[in-house]
Amino acid sequence: MYAIVRNGRGQTKVSVGDVIEIEELDKWGDVIDIGTRTTRIRTRDERFAIVPNSRIGASQVINYSFPDPKYRVYSDIWVAYGSDFHQVRRVAQDAVRGIDGVLRDQPVDVLFHEYGVTARVMRVRWWIDDMHEEKHITD
């Protein structure tokens with residue numbers, strides 16, 4: 001079973017097994033069941049949220065599984081002023097590519113994010129194929 005919900009930019013399909021976020025309710029997790037009146041979602045901490053479909057239909061819904069389940073992860077690193085940015089980029093890219101679960105066919109980006117008081121903040125972004133592994137990979 002699946003449901004079509006409005007997401008502010010049109011409509012999105014939500015199916016059992018999808019990972020969704022309902023922004024207005026501050027809930028996200030795996031869709032376990034879609035009934036005629038409610039949808040059951042298992043959150044990351046293994047709790048079940050029973051959400052009225054009318055609330056889902058009235059909320060901004062992000063479907064992390066549709067149309068593609070790949071998920072981009074990022075982490076910020078602080079780099080001392082005066083450091084060689086090209087060397088920092090190479091080291092960060094090599095380190096991330098060496099982590100199990102990082103998609104090899106997707107780019108690893110190292111971008112300037114902002115100036116900090118004592119260092120530049122660089123954002124490292126990469127792709128994984130299962131968002132449930134994010135905490136294990138970024139730990």
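**Exercise 1. In which order do the five strands of the open sheet stand, and is the pairing parallel or antiparallel?**

Solution. First, the ground rules. This is a predicted model, where local features need pLDDT of at least 70, side-chain atom pairs count only at pLDDT 80 or more, and totals for chains, interfaces and linings use all residues. Residues are numbered from 1 along each chain as its sequence is written, and side-chain values use heavy atoms, with hydrogens and water left out.

Step 1. Assign the elements. Helices (H or I, at least four residues) and strands (E, at least two) are DSSP runs, numbered from the N terminus. Two strands pair if DSSP finds at least two bridges between them.

Step 2. Read off the order. It is S6-S5-S4-S3-S7, with antiparallel pairing.

Step 3. Find the edges. Strand S6 (48-52) and strand S7 (61-63) each have a single partner strand, so one side of each lacks a neighbour in the sheet.

Step 4. Add the twist. Neighbouring strands of this sheet are turned by 40 degrees against each other on average, direction ignored. The axes are lines fitted to C-alpha atoms, and angles run from 0 to 180 degrees between N-to-C directions.

**Exercise 2. Describe how S5 joins S6, then place Thr-39.**

Step 1. Count the bridges. Strand S5 (residues 38-43) is joined to S6 by five, and the two run antiparallel.

Step 2. Pick a pair. Arg-40 has Ile-50 in S6 as its bridge partner.

Step 3. Locate Thr-39. Thr-39 lies in strand S5. Its relative accessible area is 4%, so Thr-39 is buried (buried: under 20%; exposed: over 50%; partly exposed in between; 1.4 Å probe, protein chains only).

Step 4. List its surroundings. Beyond its neighbours within four places in sequence, Thr-39 is in contact (heavy atoms within 4.5 Å) with residues including Val-31, Ile-34, Ala-49 and Ile-56.

Step 5. Check the polar side. The side chains of Thr-39 and Asn-53 share a polar contact of 2.6 Å. Such a contact is a pair of N or O atoms within 3.5 Å; within protein, one must be able to donate a hydrogen and the other to accept it, and residues adjacent in sequence count only if both atoms are side-chain atoms.

**Exercise 3. Summarise the whole chain.**

Step 1. Count elements. The protein has three helices and 10 strands. Along the sequence the pattern is β-β-β-β-β-β-α-β-β-α-β-β-α.

Step 2. Take the dimensions. Along the principal axes, the C-alpha atoms fill a box of roughly 60 × 30 × 30 Å.

Step 3. Take the burial. Of the 139 residues, 35% are buried.
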